[in-house]
Amino acid sequence: MQNALGQRTWVIAEGHIPGSGHGEGPALESHETACILNASGTDAQVEITVYFTDREPAGPYRFTVPARRTRHQRFNDLTDPEPIPRDTDFATVLHSDVPVVVQHSRLDSRQAELALLSTIAWPAG
């Protein structure tokens, strides 16, 4: 029997969605993404809370990552309870009811030469 992969709480301490860019269409639009792997046999109920430098947190944003699947959740697409503001620094705490693995990526299309950043989130528990 395989041990559960991942953790239930993850932190992405850095976030910023540029308000403009050179990319055309969703594929090349500047974005932040939480890449979530649920290798377990149980659907993961995920909540994201977003923290800011000068205001109260937003969220939680809730969604499901099906069992034995991955989901790439763009922060640009989070709208309920409110959209994530552009051109604003933020940090994220992600909590799941089953262990998952989280990686953070960003596509910055503010310049014609696109920049892609990717890093593992910090497992907090």
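Searching the whole structure, which is a predicted model, turns up one aromatic pair. The two partners are phenylalanine 75 and phenylalanine 90, with ring centres 5.8 Å apart and planes at 40° to each other, so the arrangement counts as tilted rather than stacked or edge-to-face. This pair brings together distant parts of the chain: phenylalanine 75 sits in the loop between strand E5 (69–74) and strand E6 (89–108), while phenylalanine 90 belongs to strand E6, and 15 residues separate them. As for solvent, phenylalanine 75 and phenylalanine 90 are both buried.

Stepping back to the chain as a whole, the fold is built from eight strands and zero helices. Along the sequence this reads simply as β-β-β-β-β-β-β-β. The chain has 125 residues, and 36% of them count as buried. Its accessible surface comes to about 7,100 Å², with carbon and sulfur atoms contributing 51% of that area. Long-range contacts feature heavily in the count: among contacts with a separation of 6 or more, 72% are between residues 24 or more positions apart.

Now for the charged side chains. The structure holds two salt bridges. One of them pairs glutamate 47 with arginine 62, whose closest N and O atoms are 2.9 Å apart. Glutamate 47 comes from strand E3 (residues 44–52) and arginine 62 from strand E4 (residues 58–65), so this bridge ties together parts that lie 15 residues apart in sequence. Glutamate 47 is partly exposed, at 31% relative accessibility, whereas arginine 62 is exposed, with a relative accessible area of 59%.

The other bridge joins glutamate 82 to arginine 55, and here the closest N and O atoms are 2.8 Å apart. This one runs from loop to loop: glutamate 82 is in the loop between E5 and E6, and arginine 55 is in the loop between E3 and E4, so the parts being tied together are 27 residues apart in sequence. Both ends are partly exposed, glutamate 82 at 27% relative accessibility and arginine 55 with a relative accessible area of 35%. Arginine 55 has a further partner in phenylalanine 52: the charged end of the arginine sits over the phenylalanine ring, 4.3 Å from the ring centre.

Strand E2 offers a pair of residues worth a look, starting with asparagine 38. This asparagine lies within strand E2 (residues 31–38). Its relative accessible area is 0%, so asparagine 38 counts as buried. A polar atom of the asparagine 38 side chain lies 3.0 Å from the backbone oxygen of valine 65. Setting aside neighbours within four places in sequence, the contacts of asparagine 38 include a run of Val65, Pro66, Ala67, Arg68 and Arg69. Asp43 and Ala44 are also among them, as are Val98, Pro99 and Val100.

Leucine 37 is found in strand E2 too. In contrast to the buried asparagine 38, leucine 37 is partly exposed, with a relative accessible area of 36%. Not counting residues up to four places away in sequence, leucine 37 touches Arg69, Thr70, Val100 and Val101. Arg69 and Val100 also appear among the contacts of asparagine 38. Finally, leucine 37 and arginine 71 are 34 residues apart in sequence, yet their C-alpha atoms are 6.7 Å apart in space.

How values were computed: Residues are numbered from 1 along each chain as its sequence is written. This is a predicted model: local features need pLDDT of at least 70, side-chain atom pairs count only at pLDDT 80 or more; totals for chains, interfaces and linings use all residues. Side-chain values use heavy atoms; hydrogens and water are left out. Rings of Phe, Tyr and Trp (its six-membered ring) pair if their centres lie within 6.5 Å; planes under 30 degrees apart count as stacked, over 60 as edge-to-face and the rest as tilted. Helices (H or I, at least four residues) and strands (E, at least two) are DSSP runs, numbered from the N terminus. Buried means under 20% relative accessible area, exposed over 50%, partly exposed in between (1.4 Å probe, protein chains only). A charge sits over a ring if NZ of Lys or CZ of Arg is within 6 Å of the ring centre and within 35 degrees of the ring normal. A polar contact is a pair of N or O atoms within 3.5 Å; within protein, one must be able to donate a hydrogen and the other to accept it, and residues adjacent in sequence count only if both atoms are side-chain atoms. Contact means heavy atoms within 4.5 Å. Accessible areas come from the Shrake-Rupley method with a 1.4 Å probe; for residues, only the protein chains shown count as cover. A salt bridge is a side-chain nitrogen of Lys or Arg within 4 Å of a carboxyl oxygen of Asp or Glu.
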